[in-house]
Amino acid sequence: MPIVIEKLTHTYQNGSVNAFTALKDISLTISDGEFVGLIGHTGSGKSTLIQMLNGLMQPTEGRVTVDGFDMNDKKQRAKGRALVGMVFQYPDHQLFDETVYKDISFGPKNMKLNEEEIDKRVREAMRLVGLDFDEFAEKSPFELSGGEKRRTALAGIIAMYPKYLVLDEPMAGLDPAGRRAVLEMIDDFRRQLGCAVIMVSHSMDDIARSAEKVVVLRKGEIFRCGTPQEIFSLSDELREMGLEPPFAARMAGELRRRGMDLPKDIYTNEALVKALAEIKGGAHV
Amino acid sequence: MLSIENVSFTYESGASALEGVSLEIRDGEFLCIVGHNGSGKSTLAKMLNGLLLPTEGTVTLDGMDTSDDDKLLDIRRRVGIVFQNPDNQIVTTVVREDVAFGPENLGVPTEVMAVRVDEALRSVGMEQYADSAPHMLSGGQKQRIAIAGMLAMEPEVLVLDEATAMLDPLGRKDILSIVKKLHDEKGITVVMITQYMEEALYAERVVVMNGGKIEMEGSPREIFMRGGELRSIGLDVPAAVELRDMLKESGVADLGDAVDQEEIINGICRSLLKN
């Protein structure tokens, strides 16, 4: 069963002079196992929307149901929330326990699993995020580097086996190898745990590489929802709303302006090189 | 000139963050230090104004040693650091006061201060926010305020320790163009520590850190000809350079050591649009 978002509207400080509508009439379905990329300029409503997905916040209008559990209903919310794992942008805010092991086991412990199961899950989660058990289990989270902290925060969520994994800028602050590793890791546990992923990212290149469906938010509304090809062929529209299209899409656009006949749906370097190779091949015939 | 001589740094736990690093940062230079998480680049940054002291070796600014307590205040006035998380650098509730915080502590007279604060805010394009509350600003705006706070101390060296890491791509570009302008127009020495290879293209010289040591050093053009080596130590090349390398490998076009987009676009057009 999916996450269904129906006619969601949210106004902060509703009724006051400072009222601000962050989300307007959002309807969206996130299916089992799907990889959804959520993009939008700062202030477009991304953060508000993802906080609704696990009931951290309730909308002023409309509703979210997670596998049928109505997140507006206090009793059902707890059941829905158990299915949705959230990893926030600043791992520092998510880590609190004395050791990495205790931090990761916090969630499974709250799920009232037995010791053996908890231990199994902590080890598995650490392996999936690439943290060596012997080296890290007994370390304090505060001794870790930025990348290691983020891995720890991710492991704590994975250990709960979420059906939906919500990631807010999971690559921010990581080095290139770390970014690649986190993206591969997300692919890995999608395969192994079969979870759906909802990823917020400023990096169009990361979204281009991973997402099956891309949702573009603009001023609290869904501007477009489609495949990466569909979304990233809208370079001009994206740019207008302050989003930077993937590098290859920008290059292809510039080359088209200079008179090169390139297809509209290029958004990776691989596709661009292939198209240019065809032009070169054609020129020789 | 900032001079780092044979510097090592070992944590109390025995873990070593820097091993025998020597580096000279020339006056007016735009230097970029890149390296993966844990390569020692942030430790090195914190050495530059004595926030951390070497366990071996010395760091000196025009001959003043950072381990000399009597010189430390002067060194900190001349070398300002902006860090990654904007929220941890805001100390007051009004932008103007926040920018004045540093110079105030240095005992700058009030009338001089007002002028300096206004000028610093103008330099980062935030003058219209002088009386705003910092917590209402975006991440990028907060980083501009943090930079203004440093500028108000009239530093000779501005160190950016992954100052753009938490910003969106446009916020990042804003900060970079401001820093570039400060360097070009005011002659401020810039030391930028980053994981974004794109940002290294702004620098005159790039230092690559790995395992607490300097692994490579050169102009962006030189460094980005060594993509394989960079990848082997957890780094990468800018997307434009990746495209350049792929075009060469697949035999579509050889663009030499081109690094910036304009150069690469021109190169592609030259190779493929012969008529």
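**Exercise 1. Lay out the sheet of chain B: what is the strand order, and which strands sit at the edges?**

Start with the order: six strands of chain B make an open sheet that reads 6-7-8-3-9-10, with mixed pairing. Strands here are DSSP E runs of at least two residues, helices are H or I runs of at least four, and both are numbered from the N terminus. Two strands pair if DSSP finds at least two bridges between them.

Now the edges: strand 6 (79–82) and strand 10 (213–218) of chain B each pair on one side only. On average, neighbouring strands of this sheet are turned by 20 degrees against each other, direction ignored.

A word on the model: it is predicted, so local features need pLDDT of at least 70 and side-chain atom pairs pLDDT 80 or more, while totals for chains, interfaces and linings use all residues. Residues are numbered from 1 along each chain as its sequence is written, with chains lettered from A and ligands numbered from 1 in the order written.

**Exercise 2. Follow strand 9 of chain B: which strands does it pair with, and in what sense?**

Step one: strand 3 (residues 30–34) of chain B pairs with strand 9 (residues 205–210) of chain B in the parallel sense, over four bridges. Along this pairing, Leu31(B) is opposite Arg205(B), and Ile33(B) has Val207(B) as its bridge partner.

Step two: strand 9 and strand 10 of chain B run antiparallel, joined by five bridges. One of the bridge pairs is Asn210(B) with Lys213(B). These two strands form a hairpin with two residues between them, and Gly211(B) in the turn has a positive phi of about 55 degrees.

Step three: five of the six residues of strand 9 of chain B are buried (20 or more other C-beta atoms within 10 Å of their own, C-beta atoms being placed from the backbone), so this strand is largely enclosed by the rest of the structure.

**Exercise 3. Find where chain A touches chain B: how many residues are in contact, and which helix of chain A gives the most?**

Count first: 30 residues of chain A are in contact with 27 of chain B. Contact takes C-beta atoms, placed from the backbone, within 7 Å.

Next, the elements: helix 6 (146–158), helix 7 (176–193), helix 11 (247–257) and helix 12 (269–284) of chain A each give two or more residues to this side. Helix 12 of chain A gives the most, with eight residues.

Definitions and conventions
Contact = placed C-beta atoms within 7 Å. Axes fitted to C-alpha atoms, helices over the stretch in contact; angles between N-to-C directions. Buried ≥ 20, exposed ≤ 12 C-beta atoms within 10 Å, placed from the backbone.
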